[in-house]
Amino acid sequence: MAAPGLQHPGFLLANLKVDSPSKTLTQRCQDLVKIIDDHHAKDLHAIFSWLTENIFGSLDGVLGGWNLRLLHSRCPDFAPVVDFLMPSGPVMKLVYKLQAEEYKYEVPVNYLPAPVRTCIQEGVVPDCPLFHNRTHFPMSGVLTPNLMLNPFEFFMFYFASCLITPKSFPSGQYGGTADSAYFVLVDMYLKYFLPTEGNVPPSPFSDNRGSVSAPSPRSANISLAAYGVHSPSLLKQHIFHQPSVNADPAAQEIWRSETLLQIFVEMWLHHYSLEMYQKLQSPQLALLQYRLSMSSMPCQPHSPPGSGTLHTYQEPFSPSEEHVLAVRLLVKHLHAFSNSLKPEQPTSSPTHSHAHAGPLEEFKRVALQRFVQQKLFLFLQHCFGHWPLDASFRAVLETWLSFVQPWRYADDKDRGARCGGSDPERWESFVQENLLVYTKLFQVFLNRAVRTDLVNAKNALMLFRVAKVFSQPDLADIIHKAEQLFLEPELVPHHRQPRGYLTPGQGAGFHSARQRAATDAVFRVKSHVYALEGQDCRYKQMFGPELRSEVLKLVQVIARARQTAKRVSDRSGHAAANKSFLSWLAAPTSDSDNGLCGVETDDGSECLKKTHEFLDRALENLCTVFKLNQGQLTQLIANATSDQDDGESERLPDCAMGENGPVLTDLGRMQMINGLRRWDVTYRGDPELQPIRSYENASLVRLLYRLSCLLNAKFEGQMTELCSRPDLAGRLGRRYLGAGNPAVRRARVSLRPLASYGNILALGACYAAGALLSLGPVASTFLILGAILLHGVAVTLWEDKWKMH
């Protein structure tokens with residue numbers, strides 16, 4: 001093999017393509033480590049695109065790559081692969097080598113999220129540093145442009161796309177879980193590039209030339225800092241506007257943190273219309289429209305370039321459970337990252353209160369608000385509206401609950417104990433900036449809950465989790481206060497000067513500060529709601545009368561679900577108690593199998609107990625949140641359960657007559673989901689031809705069916721004559737030969753009960769007891785038949801006596 005410095009880059013790539021398929025992942029990592037250490041950036045540049053695709057798979061999903069989502073900790077290749085791809089590992093060393101040389105790599109725009117892709121294709125450049133001045137047409141005549149990305153952006157783009165690109169996994173294998181190599185690496189990258197302690201470690205190579213290009217400057221007359229909206233890129237002020245080359249080293253590294261977060265958010269939280277995407281990319285426009293509407297100014301802000309030609313586009317998007325779990329990991333870490341912000345030091349000049357804060361501290365201040373909040377709301381709203389009504393919704397639910405509880409991830413344990421801890425103003429501001437995440441998503445969840453099978457313990461647990469979170473001390477009051485701020489009359493905000501230059505005559509006193517804070521809070525809530533819902537939205541209050549009536553409906557559904565769970569538990573207990581080894585002698589009935597028409601559940605008695613516990617505690621927490629009157633609640637539950645007895649379960653669900661027969665209404669669907677009503681689905685065919693049950697031996701069922709057919713064919717006349725007699729013998733014949741069953745057309749013998757495992761065990765026990773009493777098989781058989789005959793005579797005489805009375 002030629003020396004690394006003399007070998008042609010093309011030979012290196014060709015050798016890797018030939019050798020890699022025949023080697024394990026561990027061997028590939030070892031070879032690549034040696035190549036990265038021994039070769040120059042020019043040689044590594046030739047293999048970087050192929051290597052990235054070989055690891056993460058192709059963007060179209062044809063190539064699966066190393067299948068990091070299926071690589072678990074128990075696999076022998078897990079540790080070497082994670083060590084190779086970790087933030088301080090060999091592959092990142094390769095990225096930094098190439099970053100220092102200003103290499104660029106192309107990514108087709110076709111593989112971007114649909115709103116971004118359509119926006120670029122129609123000539124509107126998104127106001128995002130990741131896409132600014134990056135489009136490039138590879139050759140004349142090609143209408144689809146490419147994005148030119150630096151090595152770090154290119155590597156992270158493939159890494160983020162690996163999660164959402166549809167792939168063909170090997171047979172029997174599906175998406176990974178939290179212990180897969182992919183999730184471990186996501187966690188590592190977040191902790192490394194968004195550290196809660198210290199700064200981002202510097203790269204081992206000089207990468208000033210590889211920095212992300214800054215967006216175009218904003219107009220100087222639109223100031224957003226006073227309204228809590230920061231400039232879209234920290235790169236502009238922290239990298240390109242550093243006052244000295246000896247500034248904080250973290251200022252030279254902050255672009256990696258911002259790039260990582262932007263890529264994760266753009267690739268994972270991209271479900272929104274094109275119109276909404278434009279609004280999110282230009283938040284200052286929504287604020288300016290709101291401000292002008294309150295001022296009743298005749299002029300209107302200019303529309304962004306090209307906005308008149310863009311059409312509303314909604315991408316078909318169905319996130320997987322694995323995708324949602326990754327988003328939850330991102331949300332939890334961002335809360336910890338933002339909460340690690342150092343407290344502000346009091347200064348004599350408020351205008352320079354952040355002047356000495358490092359770039360990473362400034363990024364912590366704006367990361368959630370600038371990049372995540374609005375897009376996460378749209379992502380969760382889509383999941384709430386389209387996710388199936390089953391237990392897999394737990395992943396979406398926990399992501400939502402993680403986001404609405406930032407105090408859980410605060411550094412100060414006393415402050416993080418509850419939302420109203422030692423820093424209530426901080427959490428009030430967060431709730432105001434995310435009011436719809438609390439109120440609107442709660443309303444959507446409420447709509448899901450009344451249509452969910454709450455008898456299932458997993459669904460009851462989800463309801464309890466939501467009720468428990470919203471019943472935390474002070475949270476309901478904070479949400480109610482934020483709603484009142486939104487409903488306040490729209491006042492024209494005074495044109496504020498920097499606070500450091502206000503004189504007492506201008507209103508710099510305590511009263512003016514409080515008024516200014518109240519105005520800021522009103523503006524914060526209104527700008528959040530209007531930016532997502534539009535200025536003509538109809539806001540439904542979480543604590544208004546309309547939603548309160550829906551909560552009372554949920555209370556009724558909870559009461560009925562508790563009653564249903566109790567009925568299922570009692571029915572199971574009675575069935576087990578009444579089962580006897582003599583039951584096989586009774587004629588088969590059409591409703592002998594409750595599984596055909598009853599409420600089916602995989603939960604045992606323990607799960608039903610958990611269901612009761614979860615529903616009871618959820619009911620208590622809902623009463624706390626909405627301050628429900630105990631007397632009204634008791635009456636409501638009594639009315640909901642008064643007519644729900646065993647007889648009601650046999651009534652048909654609510655339905656309307658359609659062209660092809662009865663059609664379930666929404667009420668009927670809710671009744672069936674919660675087990676309140678059911679269709680009378682019974683088997684009305686030949687009892688001997690029913691499907692083989694799980695408690696029956698299939699071979700015995702078929703053998704005994706043939707034997708029964710032989711006996712019936714030979715003795716049909718005698719059995720019919722016996723059953724037609726009016727005396728006691730005739731009544732016994734009709735009982736045991738099935739002549740009284742409407743599903744049986746004529747008298748006949750049925751030996752199928754002997755194929756039941758329970759009856760086989762019972763007969764075996766009888767013969768064993770006879771053997772202990774020194775009785776032979778024949779004697780034991782006669783004793784069993786005698787006992788059966790005596791039992792039949794006693795039951796028949798009792799029925800005759802009951803009919804006479």
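**Close-up views of the predicted model**

Asp 616 counts as partly exposed, at 27% relative accessibility. The model shown in these views is predicted.

**View A. Arg 562 and Asp 616 form a salt bridge.** The closest N and O atoms of Arg 562 and Asp 616 are 2.9 Å apart. Arg 562 belongs to helix α22 (residues 545–578) and Asp 616 to helix α23 (residues 605–626), so the pair ties together parts that are 54 residues apart in sequence. Like Asp 616, which is partly exposed, Arg 562 is partly exposed, with a relative accessibility of 25%. Side chains of opposite charge can pair when their charged atoms come close.

**View B. Within helix α23, Glu 613 and Arg 617 are 4 residues apart.** This spacing amounts to about one helical turn. The side chains of Glu 613 and Arg 617 meet in a salt bridge, with an N to O distance of 3.3 Å. Glu 613 is partly exposed, at 40% relative accessibility, and Arg 617 is likewise partly exposed, with a relative accessible area of 34%. A network of salt bridges that share partners joins Arg 538, Lys 540, Glu 546 and Glu 550.

**View C. Helix α14 holds a salt bridge between Glu 361 and Lys 364.** The N to O distance of this pair is 3.3 Å. Both residues lie in α14 (residues 359–386), where 3 residues, about one turn of the helix, separate them. Glu 361 counts as buried at 12% relative accessibility, and Lys 364 counts as buried at 3%; the cut-off for a buried residue is under 20% relative accessible area. A search of the whole structure finds 20 salt bridges.

**View D. The largest nonpolar core contains 171 residues.** The residues with the most contacts inside this core are Leu 85, Phe 155, Tyr 189, Trp 268, Trp 400 and Phe 470. Helix α14 gives the most to the core, with 13 residues. When residues up to four places away in sequence are not counted, Leu 85 touches Ile 55, Leu 68, Val 91, Phe 155, Leu 185 and Tyr 189. Two of these partners, Phe 155 and Tyr 189, are themselves listed among the core residues with the most contacts.

**View E. Asn 434 is placed in the loop between α17 (424–433) and α18 (435–449).** With a relative accessibility of 1%, Asn 434 counts as buried. The residues touched by Asn 434, leaving aside those up to four places away in sequence, are Gln 373, Phe 403 and His 528.

**View F. Ala 747 is located in the loop between α27 (728–736) and α28 (757–772).** The relative accessible area of Ala 747 is 6%, and the residue is therefore buried. Ala 747 and Gly 733 are 14 residues apart in sequence, and their C-alpha atoms are 8.3 Å apart in space.

**View G. A nonpolar surface patch is formed by Tyr 695, Tyr 757 and Ile 760.** Together, these residues have about 290 Å² of accessible area. Tyr 695 is found in the loop between α25 (666–673) and α26 (698–723). The relative accessible area of Tyr 695 is 39%, and this residue is therefore partly exposed.

**View H. Cys 607 and Cys 623 are shown in a structure that holds 0 disulfides.** Cys 607 counts as partly exposed, with a relative accessibility of 25%. Cys 623, by contrast, counts as buried, with a relative accessibility of 14%.

**View I. The whole protein chain has 29 helices and 5 strands.** Of its 805 residues, 46% count as buried. The accessible surface of the chain comes to about 40300 Å², and 56% of that surface belongs to carbon and sulfur atoms. Among contacts between residues at least 6 apart in sequence, 79% join residues at least 24 apart.

Definitions and conventions: Residues numbered from 1 in each chain as written. Predicted model: local features only at pLDDT ≥ 70, side-chain atom pairs only at ≥ 80, totals over all residues. Heavy atoms only, no water. Disulfide = S-S within 2.5 Å. Buried < 20%, exposed > 50% of the residue type's maximum accessible area, 1.4 Å probe, protein only. Patch = residues over 30% accessible without salt bridge, like charges linked within 9 Å, V, L, I, M, F, W, Y side chains within 5 Å. Areas by Shrake-Rupley, 256 points an atom, 1.4 Å probe, with all protein chains shown as cover. Salt bridge = Lys/Arg side-chain N within 4 Å of Asp/Glu carboxyl O. Helix = DSSP H or I, 4+ residues; strand = E, 2+ residues; numbered from the N terminus. Contact = heavy atoms within 4.5 Å. Core = buried A, V, L, I, M, F, W, Y, C linked by side-chain atoms within 4.5 Å.
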